[in-house]
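Some brief notes for whoever reads this model next. Please keep the coordinates open while going through the points.

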Amino acid sequence: MTSSPPRKRSRRSHGVYTDPRFLIGVSLIITSVVLSAWIINRASGGEELYRLNTDIAQGQTIHTAQLIPVQARTTSDVYVRVGELSEPAIATQSLHQGELLPVAAVTTQAERGRRQIVIDVATRIPSSVGIGDTVEVWAVKEESLSNDTASKPTVLTTKAIVLKMIEREAGLSIERGQSVEISVPEIDLAALLTATGAHVRLVIVPVG
């Protein structure tokens with residue numbers, strides 16, 4: 001009875017897995033895969049922050065419908081993270097479409113010392129004026145529109161903030177014009193209310 005030949009193939013196969021060169025190669029592959037995954041994750045990572053999809057004026061309420069969640073990388077807590085917007089949120093400064101929502105621009109209480117009012121303006125609002133802009137409101141007596149010797153126009157407020165502009169349709173005897181919703185310092189409110197009931201026309205003038 002003859003003995004079986006030595007199982008040289010098995011020993012050779014087993015020797016491959018213990019070969020230092022093989023182990024080093026496997027380690028390099030694993031390291032490369034892990035490093036690549038880390039780089040991809042870091043490149044696509046970041047925090048979910050809010051970006052505005054519309055202009056918001058100082059003093060207006062900020063609604064989540066006006067915000068778009070976006071991935072952005074930041075190393076500070078300057079911007080509001082998704083899910084951390086307290087409601088009702090009020091803008092403490094004018095904000096513009098496309099920018100991230102700063103933490104410093106949001107409060108849970110309306111700005112004190114300001115009131116909102118809608119006024120009719122006698123002339124077209126300049127095209128340079130937009131939502132959130134600060135404007136002056138002037139009162140012009142009706143006779144002064146056609147009489148150079150009439151009393152001079154007077155400024156009612158220099159710190160009005162435009163919240164909304166509204167087109168007025170022309171009637172049978174009314175010229176087409178504009179109305180504008182503004183936020184004004186409370187100290188200027190009485191003068192504006194008096195002017196809206198007097199024989200004067202109001203004019204919006206950009207600041208600066």
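1. Start with helix 2, which spans residues 20-44 and contains Val-34. The model is a predicted one. Val-34 has a relative accessibility of 54%, and it therefore counts as exposed, the cut-off being over 50%.

2. Val-34 does not stand alone on the surface: it belongs to a nonpolar patch with Phe-22, Leu-23, Val-26 and Ile-30. Together these five residues offer about 410 Å² of accessible area. Please look at this patch in the display.

3. Now turn to strand 9, residues 177-185, where Ser-179 is found. Is Ser-179 buried or exposed? Its relative accessible area is 6%, so Ser-179 is buried, the limit being under 20%.

4. The side chain of Ser-179 has a polar partner. A polar contact links it to the side chain of Asp-120, at 2.5 Å.

5. On the overall layout: the protein has 3 helices and 10 strands. Along the sequence, the order is α-α-β-β-β-β-β-β-β-β-β-α-β. Two helices thus open the pattern, and a strand ends it.

6. Contacts across the sequence deserve a mention. Take the contacts with a separation of 6 or more: 65% of them are between residues 24 or more positions apart.

7. Last, burial and surface. The protein has 208 residues, and 26% of them count as buried; Ser-179 is one of the buried residues. The accessible surface totals about 14100 Å². Carbon and sulfur atoms account for 54% of that surface.

Note on methods. Residues are numbered from 1 along each chain as its sequence is written. This is a predicted model: local features need pLDDT of at least 70, side-chain atom pairs count only at pLDDT 80 or more; totals for chains, interfaces and linings use all residues. Side-chain values use heavy atoms; hydrogens and water are left out. Helices (H or I, at least four residues) and strands (E, at least two) are DSSP runs, numbered from the N terminus. Buried means under 20% relative accessible area, exposed over 50%, partly exposed in between (1.4 Å probe, protein chains only). A polar contact is a pair of N or O atoms within 3.5 Å; within protein, one must be able to donate a hydrogen and the other to accept it, and residues adjacent in sequence count only if both atoms are side-chain atoms. Patches are made of residues with over 30% relative accessible area and no salt bridge: like charges are joined within 9 Å, nonpolar side chains (Val, Leu, Ile, Met, Phe, Trp, Tyr) within 5 Å. Accessible areas come from the Shrake-Rupley method with a 1.4 Å probe; for residues, only the protein chains shown count as cover. A salt bridge is a side-chain nitrogen of Lys or Arg within 4 Å of a carboxyl oxygen of Asp or Glu. Contact means heavy atoms within 4.5 Å.
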